[in-house]
Amino acid sequence: MNVFEKTENFVMKTYNRFPVVFVKGRGSWLYDDKGKKYLDMLAGIAVCNLGHCHPAVSDAICDQARKLIHVSNLFHIETQAELAELICENSFGEKVFFCNSGAEANEGAIKLARRYGTEKNPEKYEIVAFRQSFHGRTMAAVSVTGQGKYSEGFGPMLTGVKFAEFNNLDSVKEVVSERTAGIIVEPIQGEGGIVPAEEEFLEGLREIADEIDAILIFDEVQTGIGRTGKIFAYQHYGVEPDVMTLAKALGNGVPIGAIVAKGKAADVLKPGLHASTFGGNPLVTRAGVEVMRIVSDEGFLREVERKGEYLRKGLEELRDRFPGVIDYVRGKGLMVGAVCKIPCVDIVKSALEKGLIINCTAGNVLRFVPPLVITEEEIDYGLKILEEVLKEHEG
Ligand SMILES: Cc1ncc(COP(=O)(O)O)c(C=O)c1O
């Protein structure tokens with residue numbers, strides 16, 4: 001049996017996969033089992049921010065794998081403590097809890113908010129979330145995800161979740177109350193179509209959360225770790241949350257998630273209240289330390305911003321040339337969406353055939369989240385392929 005047959009026979013069919021098998025990756029490039037090379041402008045869905053097999057990260061992982069992989073959180077772990085310190089030094093954070101994924105980080109953040117609320121008043125357990133949001137696939141995470149397709153058939157959902165309109169403070173005011181324990185929001189909705197929050201919206205959420213004494217949670221699973229040109233996207237706005245969730249790029253490909261908290265949220269989760277067997281083990285946190293050291297460099301982040309502008313300009317030129325396909329371009333740093341006038345699945349397929357990896361989110365948004373180490377020449381290469389694809393889809 002080949003890999004396709006084995007997958008078909010033995011792997012649960014939860015994904016529609018493209019018929020490609022990648023066997024090697026370097027920087028912004030992936031190579032399939034036939035030796036064909038692809039420019040990766042998706043980075044494993046905003047995970048490999050330092051590119052594939054970044055030498056410093058791969059060396060650290062190999063070295064750590066020979067020394068110590070796992071011991072459990074019954075003991076102190078050097079690399080975990082170091083990564084927590086690095087995250088706090090580079091953010092509003094005061095304390096960090098480590099887990100394994102974005103959904104798990106959000107699950108924990110929701111538990112944290114509920115615990116905070118119900119210690120004040122047993123009725124203070126409601127969570128306010130936003131339409132078109134995405135927070136992951138566990139029960140609490142789908143419960144706060146504002147897209148029905150993810151929760152259909154899995155009900156009942158968590159009780160006490162209220163949805164408001166993203167970038168609409170009036171709609172938030174309609175659903176919050178003294179019973180609200182937490183508000184969870186993505187600074188830029190990723191799966192929802194690369195939709196940045198407006199500054200006044202996040203400022204307003206901060207004021208509302210303070211008024212009703214609720215925990216403000218920013219889900220930075222997709223926007224974090226340099227993706228937008230700042231280490232964390234909230235740093236573009238003059239607003240700090242009480243809690244931020246991280247995952248995806250924190251390990252550049254090894255599974256790690258984190259809940260970062262400050263002030264009233266920092267000490268809610270006491271011994272025995274929350275845990276995760278693998279959370280923050282020596283292997284993944286060693287990778288995380290390398291990632292944070294590289295990404296927190298000012299020069300590196302300035303480059304992300306500059307290359308983001310370059311990509312955006314290139315996409316806007318394509319929009320001007322193909323106005324029947326691309327409507328407009330939005331995003332921050334190297335998290336860019338080209339909003340199309342047509343469904344864009346076929347564009348993604350044609351691009352892949354020509355050696356360019358991008359994806360489609362929200363049905364009609366082409367998502368570009370390349371490795372942050374991508375060069376201008378590589379961006380040009382990707383835009384050239386996209387141009388050829390757009391020519392085919394123009395009519
Ligand atoms: C904003 C956001 N939150 C949470 C998640 C879920 O993360 P994971 O798939 O690691 O559980 C994602 C994944 O795409 C995401 O984009």
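**Two domains and where they meet**

Student: How many salt bridges does the rule find across the interface of domain 1 and domain 2?
Tutor: Keep in mind that this is a predicted model. To count here, a Lys or Arg side-chain nitrogen has to sit within 4 Å of a carboxyl oxygen of Asp or Glu. Across the interface of the two domains, the number that turns up is one.

Student: Which side chains meet in a salt bridge at 2.7 Å, N to O?
Tutor: Domain 2 runs over 56–295, while domain 1 takes in 3–54 + 298–393. Position 191 falls in the domain 2 range and position 367 in the domain 1 range. The side chains that meet at 2.7 Å are those of E191 and R367.

Student: Which element gives the most to the side of domain 1 that touches domain 2?
Tutor: Several elements supply at least two residues each to that side, including β13 (326–332), β14 (335–340) and β17 (365–368). The one giving the most brings four residues, and that's α10.

Student: How many residues of that side of domain 1 are nonpolar?
Tutor: Split that side by type and you get seven polar and four charged residues. The remaining group, the nonpolar one, has 18.

Student: What area do domain 1 and domain 2 bury between them?
Tutor: The size of an interface is often given as the accessible area lost when the parts come together. Here, 59% of that area is on carbon and sulfur atoms. The buried total is about 2500 Å².

Student: Which three residues supply 28% of the area that domain 1 buries against domain 2?
Tutor: No other three residues of domain 1 supply more of its buried area. The trio is H54, K332 and M335.

Student: Which residue stands opposite K332?
Tutor: β13 and β14 pair in the antiparallel sense, over six bridges. They make a hairpin with two residues between them, and G333 in the turn has a positive phi of about 55 degrees. Opposite K332, in β14, stands M335.

Student: Which residue other than glycine has a positive phi near 60 degrees?
Tutor: Most residues other than glycine have a negative phi. The one you want is found in helix α2. With its phi near 60 degrees, it's I45.

Student: Which two residues does a cis peptide bond join?
Tutor: Most peptide bonds are trans. In this one, omega is about -5 degrees. One partner, P156, lies in the loop between α6 (139–143) and β6 (161–164). The cis bond joins G155 and P156.

Note on methods:
Residues are numbered from 1 along each chain as its sequence is written. This is a predicted model: local features need pLDDT of at least 70, side-chain atom pairs count only at pLDDT 80 or more; totals for chains, interfaces and linings use all residues. Side-chain values use heavy atoms; hydrogens and water are left out. Domain bounds come from an automatic or database domain assignment. Buried area is the accessible area (1.4 Å probe) that two parts lose on being put together, summed over both. Ala, Val, Leu, Ile, Met, Phe, Trp, Tyr, Cys and Pro count as nonpolar, Asp, Glu, Lys and Arg as charged, and the others, Gly among them, as polar. Two strands pair if DSSP finds at least two bridges between them.
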